[in-house]
2 protein chains.
Amino acid sequence: MTVSDRLAGGVGGPEHLRPLLATALDALGKGAVQRDGPLPAGGPDAVTRAVADVGEALPSGGVGEQQALSELAEVFTASAVDPADPACAAHLHAPPLAVAVAADLVASTLNSSLDSWDQGPSGTVVESSVLRALAELVGYHPDAATGSITSGGTESNLTGLLLAREHALGDAAGVAPAASGMRERGPMRVFCSAEAHFSVARAAGVLGIGEDSVIGVPVDDRHRMDPAALESSIVEAREAGEVPIAVVATAGTTDLGVIDPLVGIADVAERTGVWLHVDAAYGGGALFSERLTPLLRGVRRADSVALDLHKLGWQPVAAGVLLTRDRALFEPLERRVAYLNTEDDEVAGYRGLLGRSLRTTRRPDAFKIAVTLRALGRDGLGELVDRCHDLARHAASHVSAHPRLELYRDPVLTTVVFRYLPEHGDPDGRNAKLRRRLLDSGRAVVGRTEFGDAVWLKLTVLNPRATEADIEALLADVDAAGQKEKATP
Amino acid sequence: MTVSDRLAGGVGGPEHLRPLLATALDALGKGAVQRDGPLPAGGPDAVTRAVADVGEALPSGGVGEQQALSELAEVFTASAVDPADPACAAHLHAPPLAVAVAADLVASTLNSSLDSWDQGPSGTVVESSVLRALAELVGYHPDAATGSITSGGTESNLTGLLLAREHALGDAAGVAPAASGMRERGPMRVFCSAEAHFSVARAAGVLGIGEDSVIGVPVDDRHRMDPAALESSIVEAREAGEVPIAVVATAGTTDLGVIDPLVGIADVAERTGVWLHVDAAYGGGALFSERLTPLLRGVRRADSVALDLHKLGWQPVAAGVLLTRDRALFEPLERRVAYLNTEDDEVAGYRGLLGRSLRTTRRPDAFKIAVTLRALGRDGLGELVDRCHDLARHAASHVSAHPRLELYRDPVLTTVVFRYLPEHGDPDGRNAKLRRRLLDSGRAVVGRTEFGDAVWLKLTVLNPRATEADIEALLADVDAAGQKEKATP
């Protein structure tokens with residue numbers, strides 16, 4: 001055979017990987033130097049040209065491993081947005097730890113899959129062990145709880161709402177609803193705060209509940225869901241013959257890091273008998289920090305919880321988590337498939353994790369998490385969380401003291417929402433444009449969002465290596481870009 | 001800061017990664033030697049003990065990067081099932097190419113995400129370029145087609161059926177159904193062959209169509225969907241007031257590699273005006289091979305197609321693909337989100353790929369595919385496909401000539417379904433047990449499935465480095481295990 005069948009696995013695999021990894025590291029280094037900042041200058045067109053210049057995507061004859069890798073990896077790196085640069089602070093887009101990236105290579109090499117034991121024995125055990133530790137962190141009883149590693153908060157929310165739907169409709173009709181369709185019942189309802197992540201509505205759409213069946217419960221002046229308003233909404237829905245499927249509480253909204261009052265919401269969910277799902281994709285990271293853990297009081301009372309360790313956990317994507325307090329709640333996902341998990345094999349101990357996910361083939365993303373948890377420990381991860389929290393607070397006080405910057409409100413977790421205040425003219429257009437100016441020049445990646453139709457900027461601080469001086473320099477860049485930008489006519 | 005904030009990215013990243021990658025390669029090598037075969041001996045209990053012996057999953061204080069990585073990676077490798085071993089031939093579980101694994105490290109390091117331009121400029125362009133090449137391979141017009149890289153065939157089938165649902169119900173009612181719920185219409189129906197992958201029924205359940213709303217169309221004696229029977233089913237459903245959502249044709253069933261008659265099915269779909277989705281997760285790889293491409297004639301007429309390059313494409317998971325012939329068909333997934341994709345940013349050219357996926361955060365799995373496609377070219381990949389096809393045919397003729405082995409039928413792609421024939425006693429129990437005996441001894445990973453309630457064994461040949469002698473040795477092991485196994489009482 002030719003050079004093209006050099007496999008990563010087996011006893012000889014490391015010798016196939018070694019020269020290619022050297023090439024990859026070389027390209028990562030060269031690309032970073034070439035980029036010289038958080039992103040390439042020149043905007044979208046420059047990136048499109050750079051990739052096109054490499055050549056045909058699928059030639060008839062290949063150019064060989066070394067050439068393809070070195071050329072594409074260098075362009076890919078030079079034209080990336082690198083979250084490890086302190087001037088990259090727009091999104092919940094974490095710079096991954098080197099140890100997690102190296103661990104993930106091991107998972108890629110062995111290419112295990114968790115849908116049957118005989119595609120991933122060690123992956124199956126490692127995922128279970130990681131989930132047990134995370135269940136304990138959330139406050140669940142680790143012997144009762146279960147879950148799975150997902151592609152992110154969106155899949156966790158979708159799967160959590162699917163389990164809630166099956167639970168609610170199964171209760172109502174005594175049959176498995178996925179099998180029977182859902183046409184004979186009243187309209188379904190999902191309750192969340194008006195500031196919950198858009199993936200909740202999206203999940204409702206996917207699941208056939210309907211996006212407009214999501215009730216946006218009013219929030220207080222700190223953007224937190226009002227438990228009393230939640231309770232009235234649920235009662236009203238029931239009186240109207242509707243079927244409440246789930247309450248989705250948010251622990252850490254994307255923009256403001258707001259955490260809904262989980263204890264009050266859990267009380268309502270308990271009284272009304274509605275499934276409680278907590279979307280802690282962002283805020284779940286607070287559980288590593290002694291200082292911030294109290295913010296999530298009550299999360300242990302949820303039926304299901306979404307976490308995301310590619311946010312405050314510094315994993316390469318994907319490292320989402322879905323947990324349920326009781327393994328029985330996962331039962332609607334169980335499947336018996338002749339080629340994957342027959343009963344006699346399971347009785348003999350050969351059990352995979354097919355019933356833990358909507359996916360079939362599923363890589364052990366748990367492995368990099370397992371290595372990170374043991375390498376840093378809870379305290380090590382907590383330090384990183386605290387560091388980002390401190391930096392966000394530093395940014396907020398710097399903004400507050402600045403003559404041309406306005407703080408939207410004090411940070412809860414690690415985001416800072418603020419804007420540039422022009423002396424005259426439209427602040428919305430100015431902020432939108434100054435952000436694009438920073439992107440276009442390759443200087444900084446700052447976030448943007450809207451409150452009450454007004455445009456605001458946002459720093460999402462997830463880089464524990466950034467310094468106070470980095471943050472101040474970033475805000476000075478925002479200010480300078482704002483001053484340069486002409487007022488919108 | 002401490003050692004724990006060593007990030008993979010940035011100019012200094014390669015120097016953080018280098019010693020950790022050396023540790024990872026060392027552990028991969030040692031673990032493979034320790035495993036000494038395709039999987040560890042001793043069955044599930046041995047694996048559980050080995051992982052538990054490493055120690056606490058989330059200690060308060062970390063043990064450090066090097067220790068955590070070297071210990072866990074060695075155990076993980078030693079207790080894995082390695083698809084690069086020629087005696088691992090159970091599932092559509094490919095041994096990944098070293099070049100793809102190395103490329104994937106670059107993606108993990110930069111941690112790009114495709115849901116907004118400013119988290120992954122190069123990822124966005126690379127995915128678009130890979131999809132364009134794959135669309136051409138399928139026979140779509142590359143300027144019209146679009147798609148996305150998914151976590152696998154299951155997500156591709158789910159997303160394809162979601163688009164089909166929105167298309168069918170949107171047509172019927174003139175509104176976006178995800179927004180309005182689906183209660184006012186007749187029961188929905190999905191049509192596929194009785195041998196389609198279980199993920200089709202699962203998707204129907206998730207989407208609120210109902211698992212029992214999937215109509216299993218009869219197959220011919222070669223297990224292929226009968227287009228005439230399909231047409232009558234659709235007509236009958238319409239007459240009964242039901243709403244046909246989609247026809248799902250399979251190009252490569254998991255067990256037999258059967259490819260439905262795509263031209264005849266496309267004719268029916270066209271005449272009846274029903275969405276045609278082709279699940280080519282397995283068989284799509286045939287498009288790299290000149291010899292096998294004709295098997296997929298008609299695939300270009302599908303509205304949507306699922307491919308999986310972690311099968312016949314030798315990628316580390318995940319490398320699923322969903323394509324639609326027209327980009328307008330993807331519109332139901334478009335979203336406008338204030339913090340991700342405002343209109344003025346898009347007008348200025350800053351366009352991410354949020355609207356191409358049910359996920360929000362999404363890593364550029366396209367990058368490793370891009371490097372592989374350029375490194376090997378279509379011909380290089382075609383050679384690997386042909387090699388596996390040849391090996392499967394060799395296995396089939398060896399089985400046919402064997403006194404104690406029975407072939408179920410000739411291979412279509414790269415699977416061989418067969419069984420051990422005991423002189424007396426229950427063949428089902430004997431085959432199930434001999435397979436577990438091979439697993440338990442760490443000698444071989446052979447597949448298992450059922451036809452007409454009978455247990456059959458299966459080789460799924462995806463290792464292009466295997467030799468004819470390897471295949472013969474594997475079949476000799478099956479025979480020996482069958483002879484050793486006592487007849488079931």
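The crossing of helix 5 and helix 12 of chain A is left-handed, meaning that the near helix is turned anticlockwise from the far one by less than a right angle. In this predicted model, local features need pLDDT of at least 70 and side-chain atom pairs count only at pLDDT 80 or more, while totals for chains, interfaces and linings use all residues. Residues are numbered from 1 along each chain as its sequence is written, and chains are lettered from A in the order in which they are written.

The axes of helix 5 (residues 121-138) and helix 12 (residues 366-400) of chain A come within 9 Å and cross at roughly 50°. Helix 5 of chain A is therefore oblique to helix 12 of chain A; oblique covers angles that are not under 35 degrees, over 145 or 65 to 115. Axes are lines fitted to C-alpha atoms, for helices over the stretch in contact, and angles run from 0 to 180 degrees between N-to-C directions. Among the residues making the contact (heavy atoms within 4.5 Å) are Val130(A) of helix 5 and Leu373(A) of helix 12.

Chain A also holds an open sheet of 7 strands with mixed pairing, in the order 2-8-7-6-5-3-4; strands pair if DSSP finds at least two bridges between them. Two helices of chain A lie across strands as follows.

| Helix of chain A | Strands of chain A crossed | Angle |
|---|---|---|
| Helix 5 | Strand 2, strand 7 (304-308), strand 8 | about 110° to strand 2 |
| Helix 10 (residues 262-272) | Strand 5 (243-250), strand 6 (275-279) | about 155° to strand 6 |

Helices (H or I, at least four residues) and strands (E, at least two) are DSSP runs, numbered from the N terminus.

Definitions and conventions
Side-chain values use heavy atoms; hydrogens and water are left out.
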